[in-house]
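Have the sequence and the coordinates open side by side. The text below walks through them, one group of residues at a time.

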Amino acid sequence: MGLGGRMSNTIKAKLSRVLDKAEDPGETLDYSYQKQLENLQNVKKGIADVVTAKKRLQLQNDKHQQAMLKLDTQARQALSAGQEDLARTALERKSAIQTEMQSLDTQITELENQQQALIASEQKLRTKVEQFRTKKETIKAQYSAAEAQVRISEAATGVGESMAEVGMAMQRAVDKTEGMRARADAVQELEAAGTFEDLTQIGGGGEDDIDRQLRELGSGSQVDSELERMKAELGTGSAPAAELEAGADGAASAEKAPQEEREPGA
Amino acid sequence: MIVRIFNDRQYRLDEHHYEPLNVIDDAVVAAVDAGDEQQYRAKFDELLAFVREHGVPVGDEDLIGSDVLLPPDDFSFAEAGQEFTGDGLVPDPADA
């Protein structure tokens with residue numbers, strides 16, 4: 001067995017290390033039980049950590065929402081002031097943040113499901129540990145030392161596997177949360193750099209790293225159409241844009257603009 | 001033979017099922033080695049389906065160890081790759 005075999009061997013090696021620490025069966029039983037209780041505490045703590053991390057991500061997503069509104073306003077202001085380049089930059093940043101927000105939303109929902117599954121697993125594990133406690137008293141009373149050792153190992157392995165099962169589920173949830181947090185942090189940097197305190201400072205300035213990154217994100221056509229829409233709303237017309245863009249893309253987006261207005265995320 | 005599928009339960013399989021199970025498992029490993037994600041998905045799903053089809057569920061109240069442990073259904077191709085190359089994905093069950 002390849003995949004299954006590797007997992008089995010890893011877990012068995014870890015379990016036997018724990019069981020080997022105690023010498024007589026009675027001691028093994030008590031030691032295993034004590035370890036199980038400690039693990040249960042760890043599982044509980046792990047679930048709490050996942051919940052906390054999830055909440056933090058939700059807060060970050062709220063901030064993204066605010067940053068998007070701010071960038072939208074700034075794009076309008078820039079356009080009113082005739083600074084189309086600046087408006088474009090703001091809209092590109094808004095678009096990048098929006099994309100991230102959608103992805104985060106999906107992942108937060110997934111995390112929520114995993115969290116529910118973890119809570120259910122913890123309950124199941126608690127029941128198993130309780131069964132082990134009952135069983136260990138029976139084994140102590142009924143069997144000779146040699147036979148008790150065998151039965152204890154069996155029972156402890158059963159519980160240990162359940163622990164490993166929950167442990168792995170928890171680890172995966174934690175890994176996922178950390179990955180998401182790193183992404184959210186990166187987007188927050190975009191926001192910090194992307195919301196302009198002073199519109200006049202950036203208008204004619206050069207491109208920074210973030211500008212280049214945003215351009216690479218390829219949100220061009222969406223930004224174009226949004227820009228056209230804003231122009232239409234502000235009554236500046238689309239003639240200057242057509243000159244600037246000099247492309248069919250801009251014109252095509254402009255035609256679709258009223259329809260896209262209802263679903264900017266599409 | 002007792003097989004545990006993570007995030008599911010334990011199943012009891014007859015000894016004669018070991019060989020066909022092993023064949024599917026080898027195909028899973030080969031797909032990971034070959035970097036063939038589609039084949040990995042197909043074979044891994046087949047592996048779990050085989051256990052569920054031929055195995056008899058072990059009661060929740062039974063405290064027994066398994067002969068084989070299998071990862072959960074949503075075990076990704078990337079995770080399977082890690083399982084073979086790195087230290088493995090399974091965290092310490094007892095000294096955690």
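How accessible is B:Asp45: buried, partly exposed or exposed? B:Asp45 is partly exposed, because its relative accessible area is 38%, which lies between the 20% limit for buried and the 50% limit for exposed. That value, like the others here, comes from a predicted model.

Now the two chains. Chain A has nine helices and zero strands. Its sequence order is therefore simple to write: α-α-α-α-α-α-α-α-α. Chain A has 266 residues, and 44% of them count as buried. Chain B mixes both kinds of element, with three helices and four strands. Along the sequence, chain B runs β-β-α-α-β-β-α. Chain B has 96 residues, of which 48% are buried.

Stay with B:Asp45 and look at its partner. The side chain of B:Asp45 meets that of B:Arg41 in a salt bridge, 3.5 Å from N to O. Both residues belong to helix α2 of chain B. They sit four residues apart, about one turn of the helix. B:Arg41 is also partly exposed, because its relative accessible area is 29%.

Another salt bridge starts from the same helix, at B:Arg52. Here B:Arg52 meets B:Asp73, with 2.7 Å from N to O. This pair links distant parts of the chain. B:Arg52 lies in helix α2 of chain B, whereas B:Asp73 lies in the loop between β4 and α3 of chain B, 21 residues apart. B:Asp73 has 37% relative accessibility, so it counts as partly exposed. B:Arg52 has a relative accessible area of 30%, so it is partly exposed too.

Next, the aromatic rings. A search of the whole structure finds three aromatic pairs over all chains. In one of them, B:Tyr40 and B:Phe44 are stacked, with 5.6 Å centre to centre and 10° between the planes. The pair counts as stacked because its planes are under 30 degrees apart. B:Tyr40 and B:Phe44 both lie in helix α2 (residues 37-54) of chain B. Four residues separate them, about one turn of the helix. B:Tyr40 has a relative accessible area of 0%, so it is buried. B:Phe44 is buried as well, because its relative accessible area is also 0%.

B:Tyr40 has a further ring partner, B:Phe77. Their centres are 5.6 Å apart and their planes 55° apart, a tilted pair. This pair links distant parts of the chain. B:Tyr40 is in helix α2 of chain B and B:Phe77 in helix α3 (residues 77-85) of chain B, 37 residues apart. B:Phe77 is buried, as is B:Tyr40. Ring pairs join B:Tyr40, B:Phe44, B:Phe75 and B:Phe77 into a cluster.

Turn to chain A and its charges. Over all chains, the structure holds 26 salt bridges. One of them joins A:Arg229 to A:Glu226, with the closest N and O atoms 3.7 Å apart. A:Arg229 and A:Glu226 are separated by about one helical turn, because they are three residues apart in helix α7 (residues 220-234) of chain A. Are A:Arg229 and A:Glu226 buried or exposed? Both are buried. Their salt bridge belongs to a network that links A:Asp72, A:Arg76, A:Lys94, A:Glu226, A:Arg229 and A:Glu233.

Which residues form a negative surface patch? They are A:Glu154, B:Asp14, B:Glu15 and B:Asp67, so the patch draws on chain A and chain B. B:Asp67 is found in the loop between β3 (56-57) and β4 (68-70) of chain B. B:Asp67 counts as partly exposed, because its relative accessibility is 44%.

One backbone detail remains. B:Asn7 is not a glycine, yet it has a positive phi of about 60°. B:Asn7 sits in the loop between β1 (2-5) and β2 (10-12) of chain B. At 46% relative accessibility, B:Asn7 counts as partly exposed, because that value falls between the limits of 20% and 50%.

Look once more at helix α2 of chain B. B:Arg41 and B:Asp45 lie in this helix, and so do B:Tyr40 and B:Phe44. B:Arg41 is partly exposed, whereas B:Tyr40 is buried. Likewise, B:Asp45 is partly exposed, whereas B:Phe44 is buried.

Terms used:
Residues are numbered from 1 along each chain as its sequence is written. Chains are lettered from A and ligands numbered from 1 in the order in which they are written. This is a predicted model: local features need pLDDT of at least 70, side-chain atom pairs count only at pLDDT 80 or more; totals for chains, interfaces and linings use all residues. Side-chain values use heavy atoms; hydrogens and water are left out. Rings of Phe, Tyr and Trp (its six-membered ring) pair if their centres lie within 6.5 Å; planes under 30 degrees apart count as stacked, over 60 as edge-to-face and the rest as tilted. Helices (H or I, at least four residues) and strands (E, at least two) are DSSP runs, numbered from the N terminus. Buried means under 20% relative accessible area, exposed over 50%, partly exposed in between (1.4 Å probe, protein chains only). Patches are made of residues with over 30% relative accessible area and no salt bridge: like charges are joined within 9 Å, nonpolar side chains (Val, Leu, Ile, Met, Phe, Trp, Tyr) within 5 Å. Accessible areas come from the Shrake-Rupley method with a 1.4 Å probe; for residues, only the protein chains shown count as cover. A salt bridge is a side-chain nitrogen of Lys or Arg within 4 Å of a carboxyl oxygen of Asp or Glu. The place of a charge is taken as NZ of Lys, CZ of Arg, CG of Asp or CD of Glu.
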